[in-house]
Amino acid sequence: MRIDSTPIDGVTRLGHAAGRIPAAVVDVDEARWLELARAVRSARRRLVAMWGSEAREGEFSVNAAYECDDGILWARVAIGRKQDAGGDYPDLAPVFPYATRMQRAIFDLTGLRARGAEDTRPWLNHGNWPSDYFPLRKQVTGVEVFESSEADYPFVQVAGDGVHEIAVGPIHAGTIEPGHFRFSVVGEKVLRLEERLGYAHRGVERLFERTPASRGHRVAARIAGDSTVAFSWAYCMALEQACGVALSKRALYLRGLLLERERVANHLGDLGALGNDAGFGFGLAQFSRLKEDWIRVNARLFGHRYLMDRIVPGGVAVDVRADDAAVLAEQCERIGREVHVMRKVYEEQSGLQDRFLGTGRLTAAVAEHFGVRGMAARASGQTFDVRASLRSAPYDDTGVDAVSDARGDVAARVAVRFAEIDASLRLIRAWLADLPEGAIAVDMTTATMPSRGVGWVEGWRGDVFVALDIAPGDAIARCHCHDPSWQNWPAVEHAIIGNIVPDFPLINKSFNLNYAGHDL
């Protein structure tokens, strides 16, 4: 399915230039809303994100972003208040099962309900704000404070002889973010896992509306600290599209370099943590050392260990001088050699392989069912990668092939991480060797009329998506950011089935999904 061949009238194509993803917006009625969803599904493409909007008080719409072969199709259905019909817009869950949680979040934030939806349990509202309070409504002003009154949650129960439940979280040991996991087990074998998230909701989407568009990248950069480059690039891409700004080739190369450095840092950290979760402390020690080496160079050359605020509207905030390029290239060579040594150690360590092989298998069918993307999907035989599939700049000059492994288990997700590190190091070296001349940033123009933009970036965890509505005067009317964890969390519930409870930390870490990043 291609944007250019969508059988719908009224498609408005957004501005396209180097470094941007082709995108189009279409307003549809309810019948076409469903027809379009079914057409995307039949083409075996994916629902990327859903969100609700209120343009003016009482004027609502529900939005869906669809993945096409050549970019993003953004569909909007205008809706009235139809509570007497059981909901406000047609339910997409029968077409895309993973729309369920997004639709539940839409209701919690806007009061818009999917008509006929089976699962209408709260997702973000845990009982700590009134049932008739919807924080993204225009009528809501200021900061509301409510007395905490945590509500019970109707988990799905599994009946049968010997079945019992194990409740884990939402508060965990260590520093991970809050999430509740309810296991139904017989002995130690897991029959079902149900997650309850939403504990880390921070009101980011409302914060965007109180932030100038020219400063929105700073909010985006703080959605997920491990994906600060991906989110800030996606936001800036959307803003640049909305404002009709084209970047220099040098700025695009530098953005790619920063994104790949973010990818390498996270994969190094995860490989160490996965070794540790499987009882191999040596792996944690070695990969922690390599990651620390990597991010110290970030701090020295780019001014921040995790590269926060290095990507700005119109380009980047940092340049790479000739001597800096030599340091970066040398580090790539050295880290690459050590990673190859550690890969051989991991592959030959029998204890690790015993824990990795066959554990937490996510089949290709389940991955497709839930619209899983990113590293987890590619470890289950899929090959989609925004960088490889769309090849927007700078990936058009220096291509990257999607790394894939058909096994779908922890071992596959480890192997994909190793291979992606190799690919990222190759990209960084190639860009450093052929860094174009030019400005690292261009001046941004303020919008003089309402406009829209889309950002879509392959972060280390998967594709990060931003849909941006801007108003005249450097104002954000609506900004929706989407982390791939939305689609991937339900898949974790299936990957654990048939495994034993002690393997859950290892399986969970092999996905390493974001708690707060999808609880904006």
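**Salt bridges and the surroundings of alanine 477**

A salt bridge joins the side chains of arginine 46 and aspartate 463, with an N to O distance of 2.3 Å. This pair links distant parts of the chain, since its members stand 417 residues apart. Arginine 46 belongs to the loop between α1 (30–42) and β3 (47–56), whereas aspartate 463 lies in strand β14 (residues 463–471). Arginine 46 has a relative accessible area of 2% and is therefore buried. Aspartate 463 is likewise buried, its relative accessible area being 2%. The model analysed here is predicted, and a search of the whole structure finds 47 salt bridges.

A further salt bridge is formed by glutamate 150 and arginine 196, whose closest N and O atoms are 3.7 Å apart. Distant parts of the chain are again linked: glutamate 150 is placed in the loop between β7 (114–115) and β8 (163–168), and arginine 196 in strand β10 (residues 189–196), at a separation of 46 residues. The two partners fall into separate accessibility classes. Glutamate 150 counts as partly exposed because its relative accessibility is 44%, a value between the limits of 20% and 50%. Arginine 196, by contrast, has a relative accessible area of 5%, under the 20% limit, and so is buried.

Two helices are connected by the pair glutamate 338 and arginine 289, the side chains of which meet in a salt bridge at 2.6 Å, N to O. Glutamate 338 resides in helix α8 (residues 322–348) and arginine 289 in helix α7 (residues 281–302); the two residues are 49 residues apart. Glutamate 338 is partly exposed, with a relative accessibility of 24%. Arginine 289 is also partly exposed, at 40% relative accessibility.

Salt bridges also link several residues into a network, which comprises Glu260, Arg263, Arg378, Asp385, Arg387, Glu420 and Glu458. One of these network members, aspartate 385, provides a reference point for alanine 477. The C-alpha atoms of aspartate 385 and alanine 477 are separated by 30 Å, and the two residues are 92 residues apart along the chain.

Alanine 477 itself lies in strand β15 (residues 475–482). Its relative accessibility is 34%, and alanine 477 therefore counts as partly exposed. When residues up to four places away in sequence are not counted, alanine 477 touches Lys138, Glu209, Asp469, Ile470 and Ala471. Among these contacts, Asp469, Ile470 and Ala471 fall within the residue range of strand β14 (residues 463–471), the strand that also holds aspartate 463.

Technical notes
Residues are numbered from 1 along each chain as its sequence is written. This is a predicted model: local features need pLDDT of at least 70, side-chain atom pairs count only at pLDDT 80 or more; totals for chains, interfaces and linings use all residues. Side-chain values use heavy atoms; hydrogens and water are left out. Helices (H or I, at least four residues) and strands (E, at least two) are DSSP runs, numbered from the N terminus. Buried means under 20% relative accessible area, exposed over 50%, partly exposed in between (1.4 Å probe, protein chains only). Contact means heavy atoms within 4.5 Å. A salt bridge is a side-chain nitrogen of Lys or Arg within 4 Å of a carboxyl oxygen of Asp or Glu.
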